[in-house]
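Please open the model in a viewer and keep the selection panel at hand. The tour visits a set of paired strands and then a pocket.

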Amino acid sequence: MKNLLRLSVAAIAVTFLASFAPYSFDKLYAEMETRQLKAGKYVTIKGEVCYSSSGDMITHYSLPRNYVLVSNKQGEVKLYEPAANTVILSQNTMFSSQTSLFYYFLSGKAADMGLTEMGYVQDKVYRDKEMLVSEWRLKKPAKKELVQKIKLVHKDQNPVYMHYQDAGGAIIRKVYYYGYTTLDHISFPATSTDITFQGKDSSVSKTVFHNFKMNQQANSPYFNFQIPANAKIKRL
């Protein structure tokens, strides 16, 4: 009976994973608003996101400050501040455009939210009422890695929740995905709430994407944004 149950869950998982496929598109535009609560204070961030199939992503922030964040799938990041004509350069895979929601959903990665590419393997998968729950661990043990285990929950084939655990088993981050909308035939979470824990403190961010435009309708000038050649490089 136990083996039959395992086979049934495995069959569900295989069918589930096979239902995701990369989406063929040229570019996507969306406006965003994030409300952050930290140390009892709210901060509102507004901007627009220009994401291309090449993996290039340009985010123009208009509130609380005007600046432009340019990133690509190799993890090259450039933060340009027009008022000062300065640019900060960084190289970190954590900031790669391939860690964005747009990459996960438009590239058919919503089944594992990119965890396989990030070096995690599925430990177990099981049903919890209408939810499909998968638990992940590092493929190669690495004690220095902050995140050791991850839980990913799907409902109706859409990711609805993730949490991240450290080596001591403490949950250090929770993310909820909801407000799903359809971009062509792709389900995309227009709203997400991210809770990060640091000791006894925590910060909460709620991000809402709206005014989606795809391909020919996506015509923001920021798709072709170039940082001025005379911008001063600012070291961190």
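Two strands count as paired if DSSP finds at least two bridges between them. The model is a predicted one, and the stops below apply that pairing criterion.

Select first residues 186-198, strand β12, together with residues 201-214, strand β13. These two strands run antiparallel and are joined by 8 bridges. Within the pair, display the side chains of Ile195 and Val204: Ile195 of β12 stands opposite Val204 in β13.

Move next to the turn of this hairpin. There are 2 residues between β12 and β13, and Gly199 takes a positive phi near 65°.

Keep β13 selected and add residues 27-38, strand β1. The β1 and β13 strands are also antiparallel, with 10 bridges joining them. To locate one of these contacts, select Leu28, whose bridge partner in β13 is Met214.

Now clear the selection and turn to the second largest pocket, which has a volume of about 380 Å³. Its lining comprises 22 residues, and the closest to the pocket centre are Val70, Lys78, Phe225, Gln226 and Ile227. Select these five as a marker for the site.

Which strands should be coloured around the second largest pocket, as suppliers of at least two lining residues each? They are β2 (41-52), β3 (57-63), β4 (67-71), β5 (76-81) and β6 (86-91). Of the lining, β5 provides the largest share, with 3 residues.

Finally, colour the lining of this pocket by residue class: 15 of the residues are nonpolar, 4 are polar and 3 are charged.

Note on methods. Residues numbered from 1 in each chain as written. Predicted model: local features only at pLDDT ≥ 70, side-chain atom pairs only at ≥ 80, totals over all residues. Heavy atoms only, no water. Helix = DSSP H or I, 4+ residues; strand = E, 2+ residues; numbered from the N terminus. 1 Å grid on protein atoms, 1.4 Å probe; cavity = no way out; pocket = protein on both sides within 12 Å on 5 of 7 lines; lining within 4 Å. Points joined across faces, edges and corners; volume = space filled by probe spheres on them. Nonpolar A, V, L, I, M, F, W, Y, C, P; charged D, E, K, R; others polar.
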